[in-house]
Amino acid sequence: IIHIFFMRPTTMQPSRVLIIEDEPILLDTLSSTLRLKLPRTHIDTADTVLASLERIRSMEYAAILCDAHQRGLEGIGFVRAVHKIHPMCPVLLLVEKHHEDLFRQAMDAGAYDVLVKPVEEGTVLFAIRRAIEVSQLRWKVTREEAQFVASVGRIMKDLEVLYRAYGLQAHFEAFMATEDLEKTGLSREG
């Protein structure tokens, strides 16, 4: 018994982008520009990172654009917090001035990109579009990986029956559990 796997075309749901900026004029300008230039993208806004964390817990964002200098939680700490909630969500930071050490810290923390204020409209649009594309590709790879693993699991089950090689599926499931542990960083070297 051989399973043939066909992918159905999926319709892309509109992407969601969150902008976090404590300067009301800049927040309004960024959100208006993105709404105008990215009409199929939902643009959400927040004026503090602390207020946005609950929203991030309850909603999937394709990208987050955040002012790196916020009260309560600086940008690098925010990037780490977002990655604990949604590890694959691209976070772009807006900084006041070019500072190599801050750039390095942000990238080490997992920031997708760092933009220096004042940032040009084209630069922001390019960075957000690229982050959305990366987010969509990551989602697609994750979904296709899950479908592939499920398909291989069904094939293992069929092989067990066909060749009376009982235990193949259990070995495969144990192997995949080990892989999952390694992906999440929970495995121990020993």
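Alanine 63 is buried, with a relative accessible area of 0%, where buried denotes under 20% relative accessible area, exposed over 50% and partly exposed the range in between, as computed with a 1.4 Å probe on protein chains only. The model is a predicted one, in which local features require pLDDT of at least 70 and side-chain atom pairs count only at pLDDT 80 or more, whereas totals for chains, interfaces and linings use all residues. Residues are numbered from 1 along each chain as its sequence is written, and side-chain values use heavy atoms, with hydrogens and water left out. Alanine 63 belongs to strand β3 (residues 63-67); strands (E, at least two residues) and helices (H or I, at least four) are DSSP runs numbered from the N terminus. When residues up to four places away in sequence are not counted, alanine 63 touches Arg16, Val17, Leu18, Cys89, Pro90, Leu92, Ala131 and Ile132, contact being defined as heavy atoms within 4.5 Å. The C-alpha atom of alanine 63 is separated by 6.9 Å from that of isoleucine 128, a residue 65 positions apart from it along the chain.

The chain contains 6 helices and 5 strands, arranged along the sequence in the pattern β-α-β-α-β-α-β-α-β-α-α. Of its 190 residues, 36% count as buried, and among contacts between residues at least 6 apart in sequence, 61% join residues at least 24 apart. Threonine 41, located in strand β2, is likewise counted as buried, at 15% relative accessibility, and, with residues up to four places away in sequence not counted, it touches Ser15, Val17 and Ile132.

Two helix pairs were examined by means of axes, which are lines fitted to C-alpha atoms, for helices over the stretch in contact, with angles running from 0 to 180 degrees between N-to-C directions. The axes of helix α2 (residues 49-58) and helix α3 (residues 75-85) come within 10 Å and cross at roughly 15°. Helix α2 is therefore roughly parallel to α3, given that angles under 35 degrees count as roughly parallel, over 145 as roughly antiparallel, 65 to 115 as roughly perpendicular and the rest as oblique. The contact is made by Val49, Ser52, Leu53, Ile56 and Arg57 of α2 together with Phe78, Ala81, Val82 and Ile85 of α3. The crossing of α2 and α3 is right-handed, a term applied if the near helix is turned clockwise from the far one by less than a right angle, an anticlockwise turn being left-handed. For α1 and α5, the axes come within 11 Å and cross at roughly 65°, and this crossing is also right-handed. Leu30, Thr33, Leu34 and Lys37 of α1 meet Glu121, Val124, Leu125, Ile128 and Arg129 of α5 in this contact.

Helix α5 comprises 43 residues (121-163), for which a rise of 1.5 Å a residue predicts a span of 63 Å, in agreement with the 62 Å that separates its end C-alpha atoms; the expected span is 1.5 Å times one less than the number of residues. Just after α5, arginine 164 takes a positive phi of about 55°. In the loop between β5 (113-116) and α5 lies proline 118, and the peptide bond leading to it from lysine 117 is cis, with omega near -10°. Most residues other than glycine have a negative phi, and most peptide bonds are trans.

A search of the whole structure finds 10 salt bridges, each requiring a side-chain nitrogen of Lys or Arg within 4 Å of a carboxyl oxygen of Asp or Glu. Aspartate 44 forms one of these with arginine 16, the closest N and O atoms being 3.2 Å apart. Because aspartate 44 lies in strand β2 (residues 41-46) and arginine 16 in strand β1 (residues 15-20), the pair ties together parts that are 28 residues apart in sequence. Aspartate 44 counts as buried at 14% relative accessibility, whereas arginine 16 is partly exposed at 24%. A further salt bridge joins glutamate 21 and lysine 117 (3.2 Å, N to O), linking the loop between β1 and α1 (24-37) to the loop between β5 and α5 across 96 residues. Both partners are buried, glutamate 21 at 0% relative accessibility and lysine 117 at 12%, and they belong to a network of salt bridges that also includes Glu23, Asp67 and Glu96.
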